[in-house]
Amino acid sequence: MIGWQLHDHIAILTLDRGGARNAIPIAGWEALAEAAGAIAVSDARAVILRSAMPGVFSAGADLAEFRDLVAQPTLRVRFREAMAAGIEAVAALPMPVVCAVDGGCFGAAVALTLACDIVLAGDEAVFATTPAKLGLTYPAGDVARLKARVGEGQAGLMLFTGARVEADEAARIGLAHRRIAHAQPAAHELANAIAANVPDAVRALKSVLRDPADASHAQTFDDAFGSAAFTARLDAFLEGKR
């Protein structure tokens, strides 16, 4: 359903539930949180979030479970909390997360892409936030991320109408950061470029992007000049200039 592997300091986090168009059940969100937690303490320098299914990223939450939510109020809480835990675990990863979208990305799957640092949209990518079509809302944290990514007006258009946003439009409004023919190969190329840099520096930069007001960033900036990695790379650079 959801698994990950580490290759050359790059964690490949894969959605793989082809028979259900990668719809994520409650257990899947819980598995996502567990996988992200393991990646966080691994040697990964970058993460790629991808689908194993051609033409599909994810249909979002598994609607097959929704009838149970009608009948069991306590299960609604578990669903909401499991979904939030999975998405927040991805958002909390200390290394950059590159999301490769090469197909349909709907409902809660859009919220999952919003938890990633960089989203690549391939030719077949299409996005839609569809809860209003079912009479549902969207978690407040996910609405906040959508608003921050595309602006209040575009977020409203997506949420109020549930309309499909094709790849070119997704890139234009900032829902995706780069429009590319095939997202997965481009994600690997980008992750390799990230992994080639000093891991501590990349993690520190992600931390600054996440919370620029954190006072500890100044000390981290100063300390980097005394690191062995900086000395080695500076020496190599200066030697190459001779």
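The following questions and answers concern the sheet, one buried helix residue, a surface patch and the salt bridges of this model.

Q: What kind of model is this, and from which number are residues counted along each chain?
A: This is a predicted model, in which local features need pLDDT of at least 70 and side-chain atom pairs count only at pLDDT 80 or more, while totals for chains, interfaces and linings use all residues. Side-chain values use heavy atoms, with hydrogens and water left out, and residues are numbered along each chain, as its sequence is written, from 1.

Q: What is the order of the strands in the open sheet?
A: Helices (H or I, at least four residues) and strands (E, at least two) are DSSP runs, numbered from the N terminus. Two strands pair if DSSP finds at least two bridges between them. The open sheet has 6 strands with mixed pairing, and their order is 1-2-3-5-7-10.

Q: Which strands form the edges of this sheet?
A: An edge strand here pairs on one side only. This holds for strand 1, residues 2–7, and for strand 10, residues 178–179. The edges are therefore strand 1 and strand 10.

Q: Which helix packs on the sheet and touches strand 1, strand 2 and strand 3?
A: Contact means heavy atoms within 4.5 Å. The helix in question spans residues 26–40, and its direction makes about 20° with that of strand 1. Such axes are lines fitted to C-alpha atoms, for helices over the stretch in contact, with angles running from 0 to 180 degrees between N-to-C directions. The helix that touches these strands is helix 1.

Q: Which residue takes a positive phi in the hairpin of strand 1 and strand 2?
A: Strand 1 and strand 2 pair in the antiparallel sense over 6 bridges, and His-7 has Ile-10 in strand 2 as its bridge partner. The hairpin has 2 residues between the strands. The residue with a positive phi, near 50°, is Asp-8.

Q: Do strand 2 and strand 3 run parallel or antiparallel, and what is the residue opposite Thr-14?
A: Strand 2 and strand 3 are joined by 6 bridges and run parallel. Within strand 3, the residue that stands opposite Thr-14 is Arg-50.

Q: Which residue in strand 5 stands opposite Ile-48?
A: Strand 3, residues 46–51, and strand 5, residues 97–101, pair in the parallel sense over 3 bridges. Opposite Ile-48, strand 5 places Val-98.

Q: How many residues of strand 3 are buried?
A: Buried means under 20% relative accessible area, exposed over 50%, and partly exposed in between (1.4 Å probe, protein chains only). In a regular strand the side chains alternate between the two faces of the sheet. Ala-46, Ile-48 and Arg-50 are buried on one side of strand 3, and Val-47, Leu-49 and Ser-51 on the other. The number of buried residues is thus 6 of 6.

Q: Is Ile-173 buried or exposed?
A: Ile-173 is found in helix 8, residues 167–173. Leaving aside neighbours within four places in sequence, Ile-173 is in contact with Arg-149, Val-150, Gln-154, Met-158 and Val-165. Because its relative accessible area is 11%, Ile-173 counts as buried.

Q: Which helix gives the largest share of the nonpolar patch?
A: The patch, of about 600 Å², is made by Phe-221, Phe-225, Phe-230, Leu-234, Phe-237 and Leu-238. Phe-225 lies in the loop between helix 11 and helix 12. The largest share, 4 residues, comes from helix 12.

Q: How far apart are the closest N and O atoms of Glu-88 and Arg-145?
A: A salt bridge is a side-chain nitrogen of Lys or Arg within 4 Å of a carboxyl oxygen of Asp or Glu, and by this rule the count comes to 9. Glu-88 in helix 3 and Arg-145 in helix 6 are 57 residues apart. Glu-88 is partly exposed at 36%, as is Arg-145 at 22%. The closest N and O atoms of this salt bridge are separated by 2.9 Å.

Q: Why does the salt bridge of Asp-123 and Arg-179 tie together separate parts of the chain, and how many residues apart are they?
A: The closest N and O atoms of this salt bridge are 2.8 Å apart. Asp-123 lies in the loop between strand 7 and strand 8, whereas Arg-179 lies in strand 10, so the tied parts are apart in sequence by 56 residues.

Conventions:
Patch = residues over 30% accessible without salt bridge, like charges linked within 9 Å, V, L, I, M, F, W, Y side chains within 5 Å. Areas by Shrake-Rupley, 256 points an atom, 1.4 Å probe, with all protein chains shown as cover.
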